[in-house]
Amino acid sequence: MRVRDDRSAQGRGGSGSPRAQVHGTAGSQGRTCAAAAGGVTGEPTPIASRETHCHLVAGLRNARWDPPQWTSPKQQNGPTRGSATLLGYTAKAGSDTAALAQPPPPPPPRAPTSPGSVKVGAVPNRRLGSVRGVPVSSPPGRRARLSYPGTGRSSSEAREELRRRLMGLIEGNRVMIFSKSYCPHSARIKDLFSSLGVECNILELDQVDDGANVQEVLSEITNQRTVPNIFVNKVHMGGCDRTFQAHQSGLLQKLLQEDSAYEYDLIVIGGGSGGLACAQEAAILGKKVMVLDFVVPTPQGTSWGLGGTCVNVGCVPKKLMHQAALLGQALKDSRKFGWEYSHQVKHNWETMIEAIQNHIGSLNWGYRLSLREKAVTYVNSYGEFVEHHKIKATNRKGQETYYTAGKFVLATGQRPRYLGIPGDKEYCITSDDLFSLPYCPGKTLVVGASYVALECGGFLAGIGLDVTIMVRSVLLRGFDQEMAEKVASYMEQHGVKFLRKFVPVMVQQLEKGSPGKLKVVAKSTEGPETIEEIYNTVLLAIGRASCTRRIGLEKIGVKVNEKSGKIPVNDAEQTNVPYVYAVGDILEGKLELTPIAIQAGKLLARRLFAGSLEKCDYVNVPTTVFAPLEYGCCGLSEEKAIEVHKKENLEVYHTFFWPLEWTVAGRDNNTCYAKIICNKFDNDRVIGFHVLGPNAGEITQGFAAAMKCGLTKQQLDDTIGIHPTCGEVFTTLEITKSSGLDITQKGC
Amino acid sequence: MAAMAAAMAAALPGAGGRFRWRIGAAAAAAAAAGGVRGAARRAAAGRQNYDLLVIGGGSGGLACAKEAAQLGKKVAVVDYVEPSPRGTRWGLGGTCVNVGCIPKKLMHQAALLGGMVRDAPHYGWALQPVPHNWTTMAEAVQNHVKSLNWGHRVQLQDRKVMYFNIKASFVDAHTICGVSKGGKETLLSAEHIVIATGGRPRYPTHIEGALEYGITSDDLFWLKESPGKTLVVGASYVALECAGFLTGLGLDTTVMIRSIPLRGFDQQMSSLVTEYMASQGTRFLRGCTPSRVRRLPDGQLQVTWEDLSSGKEDMGTFNTVLWAIGRIPETRSLNLEKAGVHTSPTSQKILVDAQETTSVPHIYAIGDVAEGRPELTPTAIMAGKLLAQRLCGQSSDVMDYDNVPTTVFTPLEYGCVGLSEEEAVARHGEEHVERPAAPTLPQPSCAFRYPPPPCHPGLCS
């Protein structure tokens, strides 16, 4: 029930269309009407007019009757059952549009309250797309939904989307049957295929929420309004009679024997978070899937295994090194808490790297194993399009192999950018090298103001290294600037030096070694001033470039943003070339985060191969910058909120807080900071959530779920805190920024 | 300009409301004018000394008192800590601040830091195993608690709440008599009285030596010296939390549990909590109850217990025996019958309705002392605040006790909100409860195995 209500409320399936559908069919003929004409195959259909079909009736889309009562031919022929009854309900639904929101009262009284989802789940074919694809991601009554893109969509867009989904089902399955669970003709067809021992995918239109729309779009595609509606190897067979005829003539068997035109249903280029998630989901759905993954070594020669940036040179080693740095702080704290040691504790880089690399190795192995278990073909080669549906895979030895697939997903991700100044590629490293660097980097210059720069600079300083961060202009561009400045100011107080408004112009090697000595010349962005300094290591963290330039996209005409190298996609992650999709960091205007790539990849696979409708929602995605003092956020920055909603419509609540654990440790008061941004004209809904403090990631995650549910300030206030924690501060926010009241904490 | 003024007005929704209560407060003050001294007031019946009298200066009581004072009421708080059988006493702030959440979380943090000290070598920090000094920790924790006591005093002063360090008991429905440490009596009366006296740890009554030699959480956080080898008796979250941090600080710790740990919590989670504790070195004696505690000549405590399944007796020696077998509400010395306040005959807690009102309409109870309420600081605080707002005519909101989150700060922390699996099944029926099958292999994005232990690259390899 919830699912159904929700979806009709969202108009995902085009809530307007079923009504029209009802009107269109309400007065039409009985179940044996003949309406099929030439299908997509364009073959003549001489026998179509003699076919018997169950007519699809839109008003029945929500009725869940017990199939046994309807499959018995005797009952079908009975005077009170059958078409007359069907039409009666149809007419009712059609005349009362409000009835569409509720299932019509069907004969067995338990229908509306019976566990409908259980029944749907019990349909023999577990792959039934719309069954799997209906996770209750958005509870009914979720107000935030109203502002989402997509609700305002015209029904034609919804129709287009449904068409795409149906084409996916037709193209993605050897035998695709659109039927109704109680239709005797459909039952005959199912029996036929099962007697042939052929596995078929069945969509029971009476058991999916948007069956009426499916029917309508199907009739557009095939010119056949009736069920069963059968496709074999993408060829439209027609209905029951035509299929039986094709069986008799041997046409059906011939079609069944034909192999798919392509070796794979899906080839994913890039074995990172998004690519692997998509590939595995497609494989779970029974598709033949290949993943191509190849790591081009860095200029320093670093390379790594399967899993992409996150696992090898991103989130995972980053968080572990952050943890190493946090432990350094914990060691200092621990003395205050009674742990006794007198000597100065030194940090050993090699020990840390070895432990981290061991862990990464185990993850790489885990991915390999997981792909094997799911029968995904993994090829450690560089993939490049050579023509439509065809890719060239080049392995480390230069051997080339060609593969074809019906669909492709690009998930090649990004790699760190270089400055383009003398000495950068020769002597500088990037985050691609840092996490496996075999020697301690020593005195380090981090160039950049991205979160990568702050995180790396932060943990290097945390393990005791001399760190300078050179920033051209703004810190953490795109993040809330007040928070960004607080992140940096904490780092500055804890020994990280910042060189603002400077850019390096030359890196020169003075001494070789591990590490060696590098001279960096930097120039002011505001004047002629230049400075020179000697560092052991220069880490570039100035941004990342998408790996889209050398994978043959021009050969098949996939559009790439010339400037950014990113790939524009529609809201279904589809590129301008319909069979090519993209997920992850290479998407234009989307978020560069592992969990979003995983979600997008998984949902994409379900839409492609299971008829799901659910799209990846890129709104209110939480994230955390693992700087020495972590900064977690969800929703809008204050700047963005002002831009979107105007300052006078917002109320910002904020406060400093002092974690209990910091009090005894004697750590700075008035450093940790909590801020929420509320939209005054939408029930004080929380549209921005920001927290600077220990475990910010853990805190933000939970509140992000609340924001997905449309969290308001009142609901935050009504929430009981967990004492004593940092997160509880959000349940007692009282001071508004506009009041100008003091938020510093005095004592407790 | 006009737009700006409108925006400002909108930005101060509380302004109008505040003005309204000021008028109300003035009227109340006028009504109470004159009657200042307790003796005079008692003579002049109907004249109340205070608008609101709060008995108990813990989380709930202080929150209620401060809120009411801020809303213009004349408020007094009486608070008195009866020393524990071991003689431990503390300042203003109640259980949470002095012998509960705060010192508990800090000692938990000390134990976590011990874990980090042990982890650190795996992350490259060249460190040998290090010993823990209880005294250093206890001093730091106690100093922090004392600063909080002071903070509460200052806050009461700032909000013009009268504070009396006296032990209160009812004289009649509007009057209490307070006895100070020196034995001096004070009479206070009020229009409304809030009972927020909380609870104290329970001692077993029939175990020889329990009272003489055992301590409770009231004492543990104020120990100047390490408790040494400790037997924790009980299965409450207090028992597990204390045993957890004692183990984490390197002490030999045993938990003796009669039946099930963390009753009322989800039992699958509970067993994950205790399994992890066992893996970290906490000993568990299940299905056992202590029968006597004796002091040996060397000062150690010899505990005899019975194994309930075998019926056999067993024995062990410890430096400290900590009772954590539950808490009893502080209602005995209040003379509640003089005021006509009813308590539950089984729990001794004060019976209240949804408005926190007791059997006497102008007497209320909040926090741990009230029947059927979660024993949690934040709920007491919110209940106190809301009660004050209702008493001052500020709002009619009543406290919502559903979906209150909480966390057990055991070595592996366990947080929960809503129903336990058992409760969900009991309420909704087995067939309506869906839960993930047995813990499955994590998705590729997750490196960590479930169930715990949490892994570190060095430890797991």
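Which residue in β11(B) is the bridge partner of T254(B)? The close-up views below, taken from a predicted model, begin with this pair.

**View 1. Parallel pairing of β10(B) and β11(B).** The bridge partner of T254(B) in β11(B) is R283(B). Strand β10 of chain B covers residues 253-257 and is joined to β11(B) by four bridges, the two strands running parallel. Strands of a sheet pair through backbone hydrogen bonds, in either a parallel or an antiparallel arrangement.

**View 2. The five-stranded open sheet of chain B.** The strands follow the order β8-β15-β9-β10-β11 in chain B, and their pairing is parallel. The edges are formed by β8 (215-216) and β11 (283-286) of chain B, each of which pairs on one side only. Helix α10 of chain B, residues 237-248, lies across β9 (230-233), β10, β11 and β15 (320-323) of chain B. The helix runs at about 160 degrees to β10(B).

**View 3. The annotated span of chain B.** An unreviewed UniProt entry places the feature "domain: FAD/NAD(P)-binding" at residues 50-384 of chain B. Helix accounts for 32% of this span and strand for 25%. The end C-alpha atoms of residues 50-384 of chain B are 17 Å apart.

**View 4. Cysteines without disulfides.** Over all chains, the structure holds zero disulfides. C672(A) is in no disulfide, and its nearest cysteine sulfur, in C726(A), is 6.2 Å away. C672(A) is buried, its relative accessible area being 0%. In chain B, the sulfur of C242(B) lies 12 Å from the closest cysteine sulfur, which belongs to C101(B); this is too far for a bond. C242(B) also counts as buried, because its relative accessibility is 2%, under the 20% cut-off.

**View 5. The β18(A)-β19(A) hairpin.** Strands β18 (residues 502-511) and β19 (residues 517-524) of chain A pair in the antiparallel sense over eight bridges. One of the positions on β18(A), M506(A), has V521(A) as its bridge partner in β19(A). Five residues lie between the two strands of the hairpin. In the turn, G513(A) has a positive phi of about 145 degrees.

**View 6. Domain arrangement in chain A.** Chain A is divided into domain 1 (160-256), domain 2 (264-416 + 546-610), domain 3 (429-542) and domain 4 (629-730). A distance of 61 Å separates the C-alpha centres of domain 1 and domain 3 of chain A.

Methods. Residues are numbered from 1 along each chain as its sequence is written. Chains are lettered from A and ligands numbered from 1 in the order in which they are written. This is a predicted model: local features need pLDDT of at least 70, side-chain atom pairs count only at pLDDT 80 or more; totals for chains, interfaces and linings use all residues. Side-chain values use heavy atoms; hydrogens and water are left out. UniProt positions are given in the numbering used here, feature names are shortened, and annotations may be inferred rather than shown by experiment. Two strands pair if DSSP finds at least two bridges between them. Contact means heavy atoms within 4.5 Å. Axes are lines fitted to C-alpha atoms, for helices over the stretch in contact, and angles run from 0 to 180 degrees between N-to-C directions. A disulfide is a pair of cysteine sulfur atoms within 2.5 Å. Buried means under 20% relative accessible area, exposed over 50%, partly exposed in between (1.4 Å probe, protein chains only). Domain bounds come from an automatic or database domain assignment.
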